[in-house]
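These are my notebook entries on a single chain. I set out to look up how its helices pack, how its charges pair and where empty space is left.

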Amino acid sequence: MSSPHHEPVSRRERNKQEKLARITAAARELFAERGVDEVTTQQIAEKADIGTGTLFLYAKTKGELLLLVQNSTYGEALERGRAAASVIEDTLGAVMAIVRPVVECNRKQVDNGRTYLREIVFGDPQELHHGVALGLIAETEAEIASVLTRGGNVEPERAALTAHIVSAIMFVAMAATTNAEKTIDDVVEEITAQVRVLLT
């Protein structure tokens with residue numbers, strides 16, 4: 001039996017991946033330092049050591065750059081939540097184990113997190129990084145639905161709808177202007193109170 005033959009990654013593809021990594025790192029650092037509103041695409045290009053024209057091949061707007069940066073941290077947060085939920089038997093506890101890391105990653109820099117949510121809601125769904133963000137939300141909802149169906153007491157359709165509502169509760173709590181000054185614990189507590197009512 002022959003072993004599967006893997007095509008080596010072309011030099012061009014390696015260069016693209018390397019540039020994308022540099023852009024992501026530069027944007028992440030500048031956004032964290034100054035906030036998305038205070039950073040220009042020119043500054044990101046300079047920090048990534050590429051031309052502005054090259055930058056626009058990877059992301060056409062600053063909003064797309066923010067999506068690129070936040071999507072990677074959202075993905076990591078979802079992995080942590082998935083692992084934490086897998087060892088918690090209590091339904092509400094397991095759901096909140098998925099939610100909490102997402103809230104934490106969204107609020108590392110509150111304004112950036114709120115802008116990210118705005119980009120997801122109002123951005124162009126045809127744009128690559130926007131599509132990835134929508135995929136992460138769908139994955140989050142699927143994880144929550146899977147917790148809800150564990151005991152076999154909840155129909156999959158009802159679990160999916162409930163997970164969608166939990167996601168909406170989480171989004172509103174993270175995006176609300178009234179919560180901008182609140183701590184992560186405060187926001188998680190607010191979400192927990194609402195999800196508890198929903199699951200009762």
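**Entry 1: helix crossing.** I began with α6 and α7, whose axes come within 10 Å and cross at roughly 100°. I was working on a predicted model. An angle from 65 to 115 degrees counts as roughly perpendicular, and α6 and α7 are therefore roughly perpendicular to each other. I then listed the residues that make the contact. From α6 I recorded Tyr116, Glu119 and Ile120. From α7 I recorded His130, Ala133, Leu134, Leu136 and Ile137. Sorted by class, this contact has six nonpolar residues, one polar and one charged.

**Entry 2: overall layout.** I looked up the secondary structure and found nine helices and zero strands. Along the sequence I read the pattern α-α-α-α-α-α-α-α-α. For the extent of the chain I noted a box of roughly 60 × 55 × 25 Å, which the C-alpha atoms fill along the principal axes.

**Entry 3: charge pairs.** Side chains of opposite charge can pair when their charged atoms come close. I noted nine salt bridges in the structure. One of these joins the side chains of Arg82 and Glu139, at 3.2 Å from N to O. Arg82 sits in helix α4 and Glu139 in helix α7, so I entered this pair, 57 residues apart, as a link between distant parts of the chain.

**Entry 4: the largest pocket.** Rolling a probe the size of a water molecule over the atoms shows where empty space is left. The largest pocket has a volume of about 270 Å³. I asked which residues lie nearest its centre. Of the 14 residues in the lining, these are Thr91, Leu148, Asn153, Val154 and Leu199. I also asked which helices each supply at least two residues of this lining. They are α5 (91-106), α7 (128-148), α8 (156-175) and α9 (184-199). By class, I recorded six nonpolar, five polar and three charged residues in the lining of the largest pocket.

**Entry 5: the second largest pocket.** I entered a space of about 180 Å³ for the second largest pocket. Its lining takes in Arg28, Phe31, Ala32, Val69, Gln70, Thr73, Cys105, Asn106, Lys108, Gln109, Asn112 and Gly113. Two or more of these residues come from each of α1 (11-34), α4 (62-86), α5 and α6 (110-122). I classed four residues of this lining as nonpolar, six as polar and two as charged.

**Entry 6: the enclosed space.** I searched for cavities of 30 Å³ or more and found one. The largest cavity holds about 30 Å³ of space. Which residues line the largest cavity? I listed Tyr74, Val102, Cys105, Asn106, Tyr116, Leu117 and Met174. Both α5 and α6 give two or more residues to this lining, and the largest share, three residues, comes from α5. By class I recorded six nonpolar residues, one polar and no charged ones.

**Entry 7: cross-references.** I compared the lists for residues that recur. Cys105 and Asn106 line the largest cavity, and both also appear in the lining of the second largest pocket. Tyr116 lines the largest cavity and is one of the α6 residues in the contact with α7.

How values were computed: Residues are numbered from 1 along each chain as its sequence is written. This is a predicted model: local features need pLDDT of at least 70, side-chain atom pairs count only at pLDDT 80 or more; totals for chains, interfaces and linings use all residues. Side-chain values use heavy atoms; hydrogens and water are left out. On a 1 Å grid over the protein atoms alone, a cavity is a set of points where a 1.4 Å probe fits but cannot get out, and a pocket is an open set with protein on both sides within 12 Å along at least five of seven lines; lining residues have an atom within 4 Å of a point. Grid points are joined across faces, edges and corners, and a volume is the space filled by probe spheres set on the points. Helices (H or I, at least four residues) and strands (E, at least two) are DSSP runs, numbered from the N terminus. Ala, Val, Leu, Ile, Met, Phe, Trp, Tyr, Cys and Pro count as nonpolar, Asp, Glu, Lys and Arg as charged, and the others, Gly among them, as polar. Axes are lines fitted to C-alpha atoms, for helices over the stretch in contact, and angles run from 0 to 180 degrees between N-to-C directions. Angles under 35 degrees count as roughly parallel, over 145 as roughly antiparallel, 65 to 115 as roughly perpendicular and the rest as oblique. Contact means heavy atoms within 4.5 Å. A salt bridge is a side-chain nitrogen of Lys or Arg within 4 Å of a carboxyl oxygen of Asp or Glu.
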